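Thanks for coming. I have one structure to show, and I will spend most of the time on a single strand and its surroundings.

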Amino acid sequence: MSEFTHDIPTEPTPRWPVLGHEPIVAELARSLRTGHVHHAYLFAGPAGIGRTTLAYAFAAALLCEAPVEARPCGQCRACQRVARRVHPDVTRVSLEQEREDAKLVSIDRIRELRANLSLRPLEGAWRVAIVDDAERLSRDAADALLKTLEEPPPYAVLVLIAEDANAVPETIRSRCRTYQLRPLPPAVVEAALVARGASPDRAARLAKLARGRIAEALRLAEDADALDRYERQVAEVVAAMSEPLAAIGFARRATDRYRRGQRVAVQQLLRLAAELWRDAVWLAADPAASIVHEEARGALLELARRRGLAGTVAGLAATLQCLADLEANVQARLALDAVAVVWTETAG
Ligand SMILES: [Zn+2]
């Protein structure tokens, strides 16, 4: 049952409160009209491209009080409560609900979800459970979820969300209908930003920065300094990649921040560094290559020229290793010093 579908819709795409993902929306809407709703779905794709929004839109379509072809109407009490995320028949489980340093969704969350799904729907015909971070279930949590997937109550619909479908245990994945969601085309993101009042120039810059992640684009659009701050961050990371002293300073500051609990921020900086290194690798292979961070092309070209292909590949590998080490709970200082050493070594 696990398959990736990219059907061309034969009917006009219904108006769901979702940007993009038209073929998937069309197919979900069709399954509602034809009464072929599955008990379990897996929405896979990068964070921020609308996976959760799609899950809630589907929940609204299931619970909406309008005639089936007009669902979700967006107007009825059910639609509005789903939109406000207070509908009693929709529950959501995520890593966010765990302790701050938790890396896995615990069995307690899944037990709550199972208890919830064991009750008949309070208002509609369905009970919908959204499971975020489905690739981060503890072993116990995955086993418990599997029990529900093996014998779902007739009114239950589970929507699992994951970055990578293949990281979800096969036993779980095989019981889900899988949809692969892709980042949105920049033009879609740009249009959404303009519709919300951004100037065309700013919308274009933000859309480029968000790279198809609509949630990220909207978040950045709210924040007047976001673009400047981001451009400063790129400059800081490029400097650390290029100059030994800057690399050491970068590692020290990042270690401090990591120890002060700013783990996510440090990981984001390292992911940015990995993107920049990847660009440098491309440029080392071909100075005219098209790259993600056009804004840093000059500095990255210089880096690529100085270090060559092997040196830039080493920089990228060390950065990815550092991210993996932090994930594996290696001491932050060791992991960050190690990456600074490689960045510095190849800087000569
Ligand atoms: Zn409705």
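**Strand β3 and its neighbours**

This is a predicted model. The mean pLDDT of the protein chain is 90, with 95% of its residues at 70 or more. Residues 1-10 have a pLDDT below 50, and beyond near neighbours in sequence that stretch has 18 contacts in the model. I will leave that part there.

Now to β3, which covers residues 127-131. The strand is mostly covered: five of its five residues are buried. In a regular strand, side chains alternate between the two faces of the sheet. So which residues of β3 are on each side? Arg 127, Ala 129 and Val 131 are on one side, and Val 128 and Ile 130 are on the other. Every one of these is buried, and both faces of β3 are covered.

Next, the pairing. Strand β2, residues 90-93, runs parallel to β3 and is joined to it by four bridges. Within that pairing, Thr 91 has Ala 129 as its bridge partner. Between the two strands, the chain passes through helix α4, residues 107-117, and this β-α-β crossover is right-handed.

β3 also pairs with strand β4, residues 156-162, again in the parallel sense, over five bridges. Here Ala 129 stands opposite Leu 158. The connection uses helix α5, residues 139-150: β3, α5 and β4 make a right-handed β-α-β unit.

If you want one residue to look at on the screen, take Ala 129. This residue is buried, is the bridge partner of Thr 91, and stands opposite Leu 158 in β4. That is what I have.

Methods: Residues are numbered from 1 along each chain as its sequence is written. This is a predicted model: local features need pLDDT of at least 70, side-chain atom pairs count only at pLDDT 80 or more; totals for chains, interfaces and linings use all residues. A residue is buried if 20 or more other C-beta atoms lie within 10 Å of its own, exposed if 12 or fewer, and partly exposed in between; C-beta atoms are placed from the backbone. Two strands pair if DSSP finds at least two bridges between them. A crossover is right-handed if, with the strands pointing away from the viewer, the path from the first strand over the helix to the second runs clockwise. pLDDT is the predictor's confidence in each residue, from 0 to 100. Two residues are in contact if their C-beta atoms, placed from the backbone, lie within 7 Å.
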